[in-house]
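Visitor: Could you take a close look at one part of this model with me, the region around its open sheet, and then walk outwards from there? I would enjoy one connected account.

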Amino acid sequence: MWKLTKKFANNGKYASYVSNSASSVENKVAHEKGNVKRFEEIPGPTSYPVVGTLYKYAPFIGDYNAEAVDKNAWLNWRRYGSLVRETPGVRLLHVYDPQDIEAVFRQDHRYPARRSHVAMLHYRLNKPHVYNTGGLLSTNGPEWWKLRSTFQKNFSSPQSVKNHIGKTDNVTTEFVQWIKDRNVSHNEDFLPYLNRLNLEVIGIVAFNERFESFTPEEQDPNSRSSKCIKAAFGSNSGIMRLDKGFLWKLFKTPLYRTLAESQEYLEKVSTEILMKRTHFFLHDDENDDSLLGSFLKHDIIDLKDVLGMMVDIMMAAIDTTAYATSFCLYHVSRNPEIQQKMFEEISALLPTKDAKITSDVVSKAVYVKSCIKESLRLNPVAIGVGRLTQKDFVLKGYLIPEGTVIVTQNMVACRLPQYVKNPLIFKPERWLRGSENYENIHPFLSLPFGFGPRSCIARRLAEQNICITLIRLIREFNIKWMGGELGIRTLLINKPDKPVTLSFIPRNE
Ligand code: HEM
């Protein structure tokens, strides 16, 4: 029987892979001998006064593409090696080696910090009548922890996540029926449908709200569903460019305006749902086990914090899960033998198509989960994880000063043969203990949900949702990939760069 490796870090509870890593011993010795090299000595592109390395994004003279951050990262790795210094307005360090990535996370402070969503933070702090803070994504320090510790239990505890399986399965079953009724074909891009599915799932799980986004009225571009999906994308897609830029601080640039309008729309929808629920709660709805229902059961919770959390959920849930599911479908539909193994596992767990997905089914769908893990290795939703250092430390003999922005380059590292065998091949078995193809992969190599107390608050929920979608789709259809190679556009999160073209052939079994 296969067992999915559990070596991966999980909310800070993990066993050290290398208890006393070679690099940390080396660093200690270097430090004691006073041999520590300066940050500026780390290899990296030439930096000029004022512009730093930002010129690399400039047309004609630069060789970076703002929508292909992964390619920029490859270029740097090839030119400079596994530690690369840059100064695009901030002091930035790219870290590629999993052992060094581990060393970075070992430095994490009590309140791990990221420098991201800076413009969104600015936007929210300018609306104190709506928000108390910038929300979980953009806030750092004790204020972040206050929010995180308030909401985390409802999001992450295994039992509360399992409670959402039935609702998620119902929505996904409706989706499968919709695909059949509508005869969805490979001439259409499947990604917008996955966006709608994930809006619907997060609507019911997080807010106990149906968006009915597959009805003809809600398919209209001016409907609430369509505008929510657009606003989530509008919020996320400019974040990275706004983080790098500064002009929006001087005047409202078009990118800043898109962010502000998108946030405003998500705020409006969240406020309407919240008002409806708080009114409803006067009549005490004990049966509402949505995230919002559980938030509102805390007596001390502040409604402005709840609203901020709702907007963060809308922003963080739709595109991430839809992109991750798209890439997983891409890989399994191009590998019929793997899809067949998934089908065998699924049909043993669900002997009939109308059998319900239970927590037992999800926990036993080990091969399906290994496919998700392998897909997130090759196509993570984020290229890596960001951290802002809060004290000086030594890495590979270099002093990394406090206030350095670190980007762990997991996506590039996951595709290097020194860390994974035949890295470009989709091979779920490499994660399965007991399989002859099992590999002892470094636990800090693939970190699709980040690491430690600042990791994705909804990791279990997201994995469960993708798993349920795959189980339902593969139980019902033999899925074929009809397009060419699928690459990514790095818009904070990695969007498929071409339409997701799938053919769904109904199964008779
Ligand atoms: C496949 C789907 C998803 C992926 C791959 C993903 C990935 C990530 C990553 C890499 C981070 C940063 C972690 C770190 O810095 O260590 C993160 C943070 C976060 N994610 Fe997710 N995510 C997914 C789905 C979701 C969903 C469904 C929600 C909400 C329902 C969500 C809400 C958040 C929030 C609020 C944070 C900020 C946490 C904090 O800073 O404390 N994510 N996610």
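Guide: Let me start with a cut-off we will need along the way: a residue is buried if 20 or more other C-beta atoms lie within 10 Å of its own, exposed if 12 or fewer, and partly exposed in between. Please also keep in mind that this is a predicted model.

Lys396 is a good place to try that cut-off. This residue has 19 other C-beta atoms within 10 Å, so it counts as partly exposed. Lys396 is found in the loop between strand E5 (393-395) and strand E6 (398-400), and it has a positive phi of about 50 degrees although it is not a glycine.

Now to the sheet itself. Four strands make up an open sheet, in the order E2-E3-E7-E4, and the pairing is mixed. Strand E2 (83-86) and strand E4 (385-388) are at the edges; each has a single partner strand, so one side of each is left without a neighbour in the sheet. From one strand to the next, the twist averages 20 degrees.

How do the strands pair? Strands of a sheet pair through backbone hydrogen bonds, either parallel or antiparallel. Here, E2 and E3 run in the antiparallel sense, joined over 4 bridges. One of the partnerships links Leu83 to Val95 in E3. The hairpin of E2 and E3 has 5 residues between the strands, and there Gly89 takes a positive phi near 95 degrees.

On the other side, strand E3 (residues 92-95) pairs with strand E7 (residues 405-408) in the parallel sense, again over 4 bridges. If you would like to trace that pairing in the model, look for His94, whose bridge partner in E7 is Val407, and for Val95, whose bridge partner in E7 is Thr408. Val95 is worth a pause: besides Thr408 in E7, it is also the bridge partner of Leu83.

That brings us to the E4 edge and to Gly386, which lies in this strand. With 18 other C-beta atoms within 10 Å, Gly386 is partly exposed. What does Gly386 touch, beyond residues up to four places away in sequence? Its contacts are Val405, Ile406 and Val407, together with Arg114, Arg115 and Ser116. Arg114 is 272 residues from Gly386 along the chain, yet the C-alpha atoms of the two are separated by 5.7 Å. This pair fits a broader pattern: of the contacts in the chain with a separation of 6 or more, 74% are between residues 24 or more positions apart.

Next, helix H3 (residues 98-106), which comes after E3 in the numbering. In H3, 7 of the 9 residues are buried, so the helix is largely enclosed by the rest of the structure. The buried residues are Pro98, Asp100, Ile101, Glu102, Ala103, Val104 and Phe105. For the chain as a whole, buried residues make up 45% of the 509 residues, and the secondary structure comes to 19 helices and 12 strands.

Two of those helices give us a contact to examine. Helix H8 (residues 191-207) packs with helix H9 (residues 224-237) at an angle of about 100 degrees, their axes 10 Å apart. The two are therefore roughly perpendicular to each other. From H8, the residues Asn195, Arg196 and Leu199 meet Ser225, Cys228 and Ile229 in H9. By class, this contact of H8 with H9 divides into 3 nonpolar, 2 polar and 1 charged. Just before H8, in the loop that follows helix H7 (165-182), lies Asn183. Asn183 has a positive phi of about 55 degrees although it is not a glycine, and with 7 C-beta neighbours inside 10 Å it counts as exposed.

Let us finish at the ligand. The shell around the ligand holds 26 residues, and the closest are Ala316, Ala317, Gly450, Cys456 and Ala458. Helix H14 (303-334) and helix H19 (459-476) each supply at least two residues of this shell, and H14 gives the largest share, 7 residues. In terms of class, the shell has 18 nonpolar, 4 polar and 4 charged residues.

Conventions:
Residues numbered from 1 in each chain as written. Predicted model: local features only at pLDDT ≥ 70, side-chain atom pairs only at ≥ 80, totals over all residues. Axes fitted to C-alpha atoms, helices over the stretch in contact; angles between N-to-C directions. Parallel < 35°, antiparallel > 145°, perpendicular 65-115°, else oblique. Contact = placed C-beta atoms within 7 Å. Nonpolar A, V, L, I, M, F, W, Y, C, P; charged D, E, K, R; others polar. Near = placed C-beta within 6 Å. Pairing = 2+ DSSP bridges.
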